[in-house]
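Let's take a walk through this structure, one piece at a time. Keep the 3D view open and turn it as you read.

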Amino acid sequence: MLWTMQNRPPLIEKRLEPNDSPLVIGGITVASIALAMFLGGLLLLPFKVNPVLAYLSMFQQSFGNLKGIGFTLVEATPLIFIALGTIIAWKTGFFYLGFEGTILIGASVAAWVALWTNPGGLTGPLPPVLFFPLVFLITFVIGGLWVAFVGFLKARFGGNEVIVSLMLNYVAVFLVNYLVSGPLRAPGDLPQTARIPDATILPFIIPGTRAHVGILVAIAAAIMVWLLLRKTILGYELIVSGLSPRSARYGGINVGNRQIMAAFLAGGVSALAGLVAVLGVQFRLMDGISQGTGFVGIVVALLGKLNPLGAIVAAILYAGLSVGADAMQRQMGIPSSVITIVQFMIVLFILAGDFLRYYRINLYTLARQRTKPQPDQSAPGETRSNDGN
Amino acid sequence: MAPFLEMRNIVKRFPGVVANDHVNLTIETGEVHALLGENGAGKSTLMQILYGLYKRDAGEILLQGQPIEIREPRDAIAAGIGMIHQDFMLIKPFTVAENIIVGLEDEAGPLLDLRAAAHRLTELSKRHGLDVDPSIRIENLSVGVQQRVEILKLLYRNARLLILDEPTAVLIPQEVESLFEVIRSLRDKGHSIVFITHKLQEVITVADRVTILRDGKAIATLKTAETNPTELARMMVGREVLFSVSKTARKPGRPFLKVENLHVTDNAGHPKVQGLNLEICEGEILGLAGVDGNGQSELAEALMNLRTASGGRVLLNGQDITRATTATRRFANMAYIPSDRRQVGSVGPLSIAYNSILGEVAKYSRAHFLLDEHRIRAHAEDLVKRYDIRVAGIRLEASKLSGGNLQKLVLARELSRKPDVLIVEQPTRGLDVGATEYIHAQLIHERDRGAAILLISAELEEILMLSDRIAVIYRGKIMNVMVAGSVDITELGLMMAGIRTDHPRNVVDNAE
């Protein structure tokens, strides 16, 4: 066979260095969302609805009116807290995955503290200026200690934080199970605590909606995490520990100690997701209050490229899709799982799109491969006809 | 008669770089041909094209006058071309014979005939003076012999052209000499050898002809008999090169860093430093000579407490710091330039500015917890200017710096603190001549300022050129400490190989 060398670039070529321009990253994000929605649209066709109209009505539900915006913000709040926890932990090289557990711990602590303020409780009624700082502080500290324990196991004994944290999720699930069927159970048929006192409910911020003050706390927390990582010595040391533990040690940074600190902060901020679920939405502790938020929050952090401010945007987008999907199911009878598929396709495409930062696809080569007939393409056919003879 | 191999107008582009720019190379039958050039000159790329690891963008390859196409190493081997990489590809628990026939099973039928293979290997080994026993396990062989196994492997596959990529980098002087003898013997039996190197003396000693590459272009092909190191250096670097550093005699001060009976293990728990004693004085460079892997890295890491010593003491200016943390030691004005500048000495994804404060963030803070961006920038700008780091700006990520500039950054950061003790590991590994000269001058400058410097290097020339005293390390112990001027190379090589000589001068007793 004669094989002549053709001087064309290979179809897929590794870039000398990854392309980090905002244009490419933004382009990948937008293209990923568009592609996911297009494929999701195909899934809508069997329901005999116009996908474009379906999407429009979906966004109308979640962003088009005040009530919808309220729901979206309520959904986004715990996602932001979990995403912030993910960002702090992962940036320090501590790959914690047990946020379902920290939500449950946070929810339990918040419900417990709120029930103190019942007449005859541990503290009795407290004024809001005292109660809210107190409940945030206690929830943060206990959630922080919960995760710091895992950090300690990793730093001191080399324990694998991924496995330990996933296992601790079950501990948290059964702990809540125990609390609501035992010590904190309210009289009645359901395993749940009593409703928390009205004075302990997070204040609503937009009249006529369910949006509560938690979203403001979440945004403030995001700004603080951003400042921590960008502007402080501790943030510098956390990031160096995460990017290169060997360089960090070389620079005199106690990497284990910094990972425990990151674990504490991540646990504290993610426990607030449980707090807002109890004090802002359910008003009591019950089984299954975390609903997978602990994992979706990680996805949101990744969507936001592990940037605290990006996480706010990603959380609101994600929450909006979820709220719209629920409304679509109620009003048009389209299963909300279609939108769940779209949500996860977006994530998948954005993560896969990273490929384009590292590799270049030469469309010119692709076009030539398509149009140019391959000289030996006819050969197999001839062989086959020969066989027939 | 046509030459054995010809590469004509070879072009290889990587995005943004032309690694080989119309390179011509002719290799005759039975010659040793050196390929000389600095790092990044395109030597390895050219040979990897020949060996089928890269695809060329243009040009042609002729084997005995006939064009051939080499698309993968298998094609190269079939054409009689073999390559030995810097890292040997041998399976340690296997014997020499087993290693050599690995990958050839399909030609030999379903059953291994180890005996026949061993027989042929013994014969080959004898014919070429390789002196390798086919039944011995690789893990029991020294690096020099492992290299001969690699050569034997190529001969067993009937290679007529052998490409050796920087083969002397891992060898002690005696092993280098015996490698050269093997190379000459192969040449005399009609094999061709391509010898990739950046060491001028080796070119003159062993090669018949030399092709010099610079910035991807072949500058010239010369007969080694008709050239000299000065001319080669000028062609390789593109300007005149000074071969020595100016070093004034200086009386060393009192001992400043003392190591007493130090024991350190590696990550797997194997003892690597075994009862080591050493003293480094103010205002001296103590060179630590030794074959890589004899405990040098573990010693350096233990001195900074990046690795915990399992026994012994370290004294800094009379104070016991054996238990002090890395941060404390840095605070006590010890500095360290690690051998791995990318993974240890810097944080790749962070900017030059943030890398310039690694290890002393607290000095660049406000209110004890905020980073003082203004002073960080000023510090980084100052380092870039003072230490001649050639970069577009201090916001550039450290990972995007060339090896030379990154090393200058690490050096600048550590030296700008005016350290009392400086531990330097492989300071010029992989750097070009210009950066090497610069770093040597800086080290001498620090010594003259009064720093106690421990210089760990695999480059014997570097140790001989810079050191005031030279210690030889072998299997985690100091064999001997000598005053630099009185050192005999042969003797040094023997000690690096663990052979103690009874040298009357300056012997420091280090009995077990």
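What follows goes from chain A to its meeting with chain B, and then into the sheets of chain B.

Before we start, bear in mind that this is a predicted model. Chain A is a good place to begin. Its secondary structure comes to 16 helices and two strands. Of the 389 residues in chain A, 43% are buried. If you take the contacts in chain A between residues at least 6 apart in sequence, 78% of them join residues at least 24 apart.

Now look at how two of those helices sit together. As a rule, two packed helices are described by the angle between their axes and the distance between the axes. For H7(A) and helix H12 (residues 308-332) of chain A, the angle is about 150° and the axes are 8 Å apart. That angle makes H7(A) roughly antiparallel to H12(A), because anything over 145 degrees counts as such. On the H7(A) side, the contact is made by Ile219(A), Ala222(A), Val225(A) and Trp226(A), and on the H12(A) side by Pro308(A), Leu309(A), Ala311(A) and Ile312(A). Sort these residues by class and you get eight nonpolar, no polar and no charged.

Stay with H12 of chain A for a moment, since Ala314(A) lies there too. Is Ala314(A) buried or exposed? With 27 C-beta neighbours inside 10 Å, Ala314(A) counts as buried, the cut-off being 20 or more. Leaving aside residues up to four places away in sequence, Ala314(A) touches Val300(A), Leu303(A) and Gly304(A). Gly297(A) is 17 residues from Ala314(A) along the chain, and the C-alpha atoms of the two are separated by 9.7 Å.

Next, find helix H8 of chain A, residues 233-243. Why is H8(A) described as largely enclosed by the rest of the structure? Eight of its eleven residues are buried, so the description fits. The buried ones are Gly235(A), Tyr236(A), Glu237(A), Leu238(A), Ile239(A), Val240(A), Ser241(A) and Gly242(A). What do they pack against? In chain A, the partners are helices H3 (66-91), H7 (214-231), H9 (245-250) and H10 (255-282). From chain B, helix H12 (352-355) and strand E18 (370-371) join them.

That brings us to the place where the chains meet. Here 20 residues of chain A are in contact with 28 residues of chain B. On the chain A side, H8 and H9 each supply at least two residues. H8(A) gives the most, with six residues. By class, the chain A side has eight nonpolar, six polar and six charged residues.

One residue to pick out is Arg246(A), which lies in helix H9 of chain A. Arg246(A) has 15 other C-beta atoms within 10 Å, so it is partly exposed. Not counting residues up to four places away in sequence, it touches Gln343(B) and Val344(B). Lys231(A) is 15 residues from Arg246(A) along the chain, with 22 Å between their C-alpha atoms.

Over in chain B, strands take the lead in our tour. Strands of a sheet pair through backbone hydrogen bonds, either parallel or antiparallel. Strand E1 (residues 5-14) of chain B pairs with strand E2 (residues 17-27) in the antiparallel sense over seven bridges. One pair to look for is Ile10(B) with its bridge partner Val23(B) in E2(B). E1(B) and E2(B) form a hairpin with two residues between them, and Gly16(B) in the turn has a positive phi of about 90°. E1(B) also pairs with strand E4 (residues 58-63) of chain B, in the antiparallel sense over five bridges. There, Met7(B) has Ile61(B) as its bridge partner.

The last stop is an open sheet of six strands in chain B, with the order E6-E7-E8-E3-E9-E10 and mixed pairing. Its edge strands are E6 (81-84) and E10 (217-223), each pairing on one side only. From one strand to the next, the twist averages 20°. Within this sheet, E3(B) (residues 32-36) and E8(B) (residues 192-197) pair in the parallel sense over five bridges, and His33(B) stands opposite Val194(B) in E8(B). Helix H7 (residues 173-188) of chain B lies across E3, E7 and E8, running at about 145° to E8(B). Helix H9 (residues 229-237) of chain B lies across E3, E9 and E10, running at about 30° to E9(B).

Notes. Residues are numbered from 1 along each chain as its sequence is written. Chains are lettered from A and ligands numbered from 1 in the order in which they are written. This is a predicted model: local features need pLDDT of at least 70, side-chain atom pairs count only at pLDDT 80 or more; totals for chains, interfaces and linings use all residues. A residue is buried if 20 or more other C-beta atoms lie within 10 Å of its own, exposed if 12 or fewer, and partly exposed in between; C-beta atoms are placed from the backbone. Helices (H or I, at least four residues) and strands (E, at least two) are DSSP runs, numbered from the N terminus. Two residues are in contact if their C-beta atoms, placed from the backbone, lie within 7 Å. Ala, Val, Leu, Ile, Met, Phe, Trp, Tyr, Cys and Pro count as nonpolar, Asp, Glu, Lys and Arg as charged, and the others, Gly among them, as polar. Axes are lines fitted to C-alpha atoms, for helices over the stretch in contact, and angles run from 0 to 180 degrees between N-to-C directions. Angles under 35 degrees count as roughly parallel, over 145 as roughly antiparallel, 65 to 115 as roughly perpendicular and the rest as oblique. Two strands pair if DSSP finds at least two bridges between them.
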